[in-house]
Amino acid sequence: MTKKADTRVCRYPHCKHDDKTINLTSDKYVKDGSSYYHEECYKNKSNIQLIKNLWHDHISSTVVYSQLMNILNQLIFKDNISSDYIVFVVQYCIDNQRKLRYPPGLRYCVDDQVIKDAYNKKMQPIIHHSDFSADNVEDDSPKFTISKKPAGFKSILGGK
């Protein structure tokens, strides 16, 4: 049984946990000022803020934020698309000068196969300095050699 002092309420409005309760002794959480968030709730909150900042700074400073938030909420909370992926999509469009001018256009970019492939490639683990070795094994199998014929004009003209 947890004490009242060991629990907090997640302040994220879109918290997916049943009762929004954070057990400070067993749950992973983030404290931001005096507010507590589940780790994944805080990550979504931070990613959405990052998307808003990227959009304002690199795509359009006159964006209608209510429209952008409606699209983001639909993609993240209704379509269950990772906020990390949406950050990647926005950054990819900025870096590769893809045409993304209005918030509903984000839906098309999220479904773009080129961007999906780039994200999957980025998410694959990188193998650093693989160590491959082969043991010298005595082999009794027959050895084959091919004698090389001389090449050039002498071989054509019949000379040796």
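# Exercises on helix packing in a predicted model

The buried residues of H3 pack against H1, helix H2 (65–78), helix H4 (105–110) and helix H5 (113–123). The exercises below work outwards from that packing, and the model on which they rest is a predicted one.

## Exercise 1. The chain as a whole

Task: State how many helices and strands the protein chain has, and in what order the elements run.

Solution. The protein chain holds 6 helices and 4 strands. Read from the N terminus, the order of the elements is β-β-β-β-α-α-α-α-α-α. As to burial, 29% of the 160 residues in the protein chain are buried. Of the contacts between residues at least 6 apart in sequence, 50% join residues at least 24 apart.

## Exercise 2. The burial and span of H3

Task: Determine which residues of H3 are buried, and compare the end-to-end distance of H3 with the span expected at 1.5 Å a residue.

Solution. Begin with the list of buried positions, which in H3 comprises Ser83, Tyr85, Ile86, Val87, Phe88, Val89, Val90, Tyr92, Cys93 and Ile94. These are 10 of the 13 residues of H3, so the helix is largely enclosed by the rest of the structure. Next take the span: at 1.5 Å a residue, the 13 residues of H3 should cover 18 Å, and the C-alpha atoms at its ends are 18 Å apart, which agrees.

## Exercise 3. H1 against H3

Task: Describe how helix H1 (residues 39–59) and helix H3 (residues 83–95) are placed relative to each other, starting from the angle at which their axes cross.

Solution. The axes of H1 and H3 come within 9 Å and cross at roughly 15 degrees. Because that angle is under 35 degrees, H1 counts as roughly parallel to H3. The crossing in which H1 passes H3 is left-handed. On the H1 side, the contact is made by Lys43, Asn44, Asn47, Leu50, Ile51, Leu54, His58 and Ile59, while H3 contributes Ser83, Asp84, Ile86, Val87, Val90, Gln91 and Ile94. Sorted by character, the residues of this contact are 8 nonpolar, 5 polar and 2 charged.

## Exercise 4. H1 against H2

Task: Carry out the analysis for H1 and H2, whose axes also cross, and classify the arrangement as parallel or oblique.

Solution. Here the axes come within 11 Å and cross at roughly 140 degrees. That angle makes H1 oblique to H2, since only angles over 145 degrees count as roughly antiparallel. H1 passes H2 in a right-handed crossing. From H1 the contact draws on Asn44, Ile48, Ile51, Lys52, Trp55 and His56, and from H2 on Tyr65, Leu68, Met69, Leu72, Ile76 and Phe77. These residues divide into 9 nonpolar, 2 polar and 1 charged.

## Exercise 5. The residues of H2

Task: Identify the buried residues of H2, name the helices against which they pack, and decide whether Met69 counts as buried or partly exposed.

Solution. In H2 the buried residues are Leu68, Ile71, Leu72, Leu75, Ile76 and Phe77, and they pack against H1, H3 and H4. The 14 residues of H2 reach 19 Å from the first C-alpha to the last, close to the 20 Å expected at 1.5 Å a residue. Met69 also lies in this helix; with a relative accessible area of 21% it is partly exposed, because buried means under 20%. Leaving aside neighbours within four places in sequence, Met69 is in contact with Ile48 and Lys52. The C-alpha atoms of Met69 and Lys52 are separated by 8.5 Å, although the two residues are 17 apart along the chain. Just after H2, Asn80 takes a positive phi of about 55 degrees.

## Exercise 6. Asn44 and His17

Task: Locate Asn44 and His17, and give the burial class of each.

Solution. Asn44 is placed in helix H1, and at 18% relative accessibility it counts as buried. Beyond its neighbours within four places in sequence, Asn44 is in contact with Tyr12, Phe77 and Ser83. His17, by contrast, sits in the loop between strand S1 (7–9) and strand S2 (21–23), and its relative accessible area of 29% makes it partly exposed. With neighbours within four places again set aside, His17 is in contact with His38, Glu40 and Cys41. His17 and Cys41 are 24 residues apart in sequence, and their C-alpha atoms are 9.3 Å apart in space.

Notes:
Residues numbered from 1 in each chain as written. Predicted model: local features only at pLDDT ≥ 70, side-chain atom pairs only at ≥ 80, totals over all residues. Heavy atoms only, no water. Axes fitted to C-alpha atoms, helices over the stretch in contact; angles between N-to-C directions. Helix = DSSP H or I, 4+ residues; strand = E, 2+ residues; numbered from the N terminus. Parallel < 35°, antiparallel > 145°, perpendicular 65-115°, else oblique. Left-handed = near helix turned anticlockwise from the far one by under 90°. Contact = heavy atoms within 4.5 Å. Nonpolar A, V, L, I, M, F, W, Y, C, P; charged D, E, K, R; others polar. Expected span 1.5 Å × (residues − 1). Buried < 20%, exposed > 50% of the residue type's maximum accessible area, 1.4 Å probe, protein only.
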